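Please open the model in your viewer and keep the sequence panel beside it. The tour below proceeds by selections, each followed by what is to be found there.

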Amino acid sequence: MPILPNPPGTAQTTGPLVAVLLYDGLCSFEFGIAAEVFGLHRPELGPTWYRYVSCGVEPGPLRAQGGVTLMPDHGPEMLDHAQIIVVPGWKGAQAPVPPDLTQRLIAAHARGARLVSICSGVFVLAATGLLDGATATTHWRYADALQARFPKLRVDAARLYCNHGRVYTSAGSAAGIDLMLDIVRQDYGPAAA
């Protein structure tokens, strides 16, 4: 797949394009994890570092927890170009996942993208069916609801993070830090992580 030009507002790097979902009711800490790891300009790590964009699931402005209002860089169409898509939490265990988002994630996975969730973001990835038959994790308080809503997957709430091919899930918010750093380690080695 050819590398697309850097989206406006991104550092001039050539690495994988990381798209982080924004939605109304955003989990601001989980978003901050992804933005800190993938979105900061890191010239000391060279020109092949990640490119980063935020993608709104719905039109903005969007409200995040803590009284913050956000305007995404792009709409969901940018997911069609991302090599890594991060779901930083979700609206709730029973909150529906928009069908357009589900289809975009399935298509992204089919073309080779990695899909990553932090905490309750696993509900979005589970809605794609890509975790059917796999082991996934989430915060312990969501484990029973995840297993009940998606009985075709196996929930292991004792794990910090796990992956099924190119679909990654993490337990609570802090475990999301560990998972993001492990992805950096896979891509750039332990020194960068």
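In which loop is cysteine 119 found? Select cysteine 119, and you will be in the loop between E6 and H3, where helices (H or I, at least four residues) and strands (E, at least two) are DSSP runs, numbered from the N terminus. Its phi is positive, about 55°, although cysteine 119 is not a glycine. Cysteine 119 counts as buried because its relative accessibility is 5%; buried means under 20% relative accessible area, exposed over 50%, and partly exposed in between, with a 1.4 Å probe and protein chains only.

Before going further, note that this is a predicted model, in which local features need pLDDT of at least 70 and side-chain atom pairs count only at pLDDT 80 or more, while totals for chains, interfaces and linings use all residues. Residues are numbered from 1 along each chain as its sequence is written, and side-chain values use heavy atoms, with hydrogens and water left out.

**The sheet**

Next, display the strands of the open sheet, which has 6 strands in the order E2-E1-E5-E6-E10-E9, with mixed pairing; two strands pair if DSSP finds at least two bridges between them. Strand E2 (51-56) and strand E9 (161-164) stand at the edges with a single partner strand each, so one side of each is left without a neighbour in the sheet. From one strand to the next, the twist averages 20°, where axes are lines fitted to C-alpha atoms, for helices over the stretch in contact, and angles run from 0 to 180 degrees between N-to-C directions.

Select strand E5 (residues 84-88) together with strand E6 (residues 114-118): the two run parallel and are joined by 5 bridges, and isoleucine 84 stands opposite arginine 114 in E6. Now add helix H2 (residues 99-110), which packs on the sheet and touches strand E1 (17-22), E5, E6 and strand E10 (167-170), contact meaning heavy atoms within 4.5 Å. The direction of H2 makes about 130° with that of E6. H5 also packs on the sheet, touching E5, E6, E9 and E10, and its direction makes about 155° with that of E6.

With E6 alone in view, 5 of its 5 residues are buried. Arg114, Val116 and Ile118 point one way from E6, whereas Leu115 and Ser117 point the other way.

Move then to E2, where 6 of its 6 residues are buried. Arg51, Val53 and Cys55 lie on one side of E2, and Tyr52, Ser54 and Gly56 lie on the other. E2 pairs with E1 in the parallel sense over 6 bridges, and valine 18 stands opposite tyrosine 52 in E2. Following the chain into the loop between E2 and strand E3 (62-64), you will find proline 61, and the peptide bond from glycine 60 to proline 61 is cis, with omega near 0°.

**The pair H1 and H5**

Select helix H1 (residues 28-39) and helix H5 (residues 173-188), which pack at an angle of about 20° with their axes 10 Å apart. That angle makes H1 roughly parallel to H5, since angles under 35 degrees count as roughly parallel, over 145 as roughly antiparallel, 65 to 115 as roughly perpendicular and the rest as oblique. To inspect the contact, show Phe29, Glu30, Ile33, Val37 and Phe38 of H1 against Ser173, Ala174, Gly176, Ile177, Met180, Ile183 and Val184 of H5.

Keeping H1 selected, colour its buried residues, which include Glu30, Phe31 and Ile33; the buried residues of H1 pack against E1, E2, E5, E6 and H5. On the other helix, centre on serine 173, which lies in H5 and is buried, with a relative accessible area of 18%. Not counting residues up to four places away in sequence, serine 173 touches Phe29, Glu30, Ile33, Ile118 and Cys119.

**A last stop in H3**

Finally, which residues does valine 124 contact, leaving aside its neighbours within four places in sequence? Valine 124 is found in helix H3 (residues 122-127) and counts as buried at 0% relative accessibility. Its contacts are Val87, Trp90, Val97, Leu101 and Leu105, once those neighbours are left aside.
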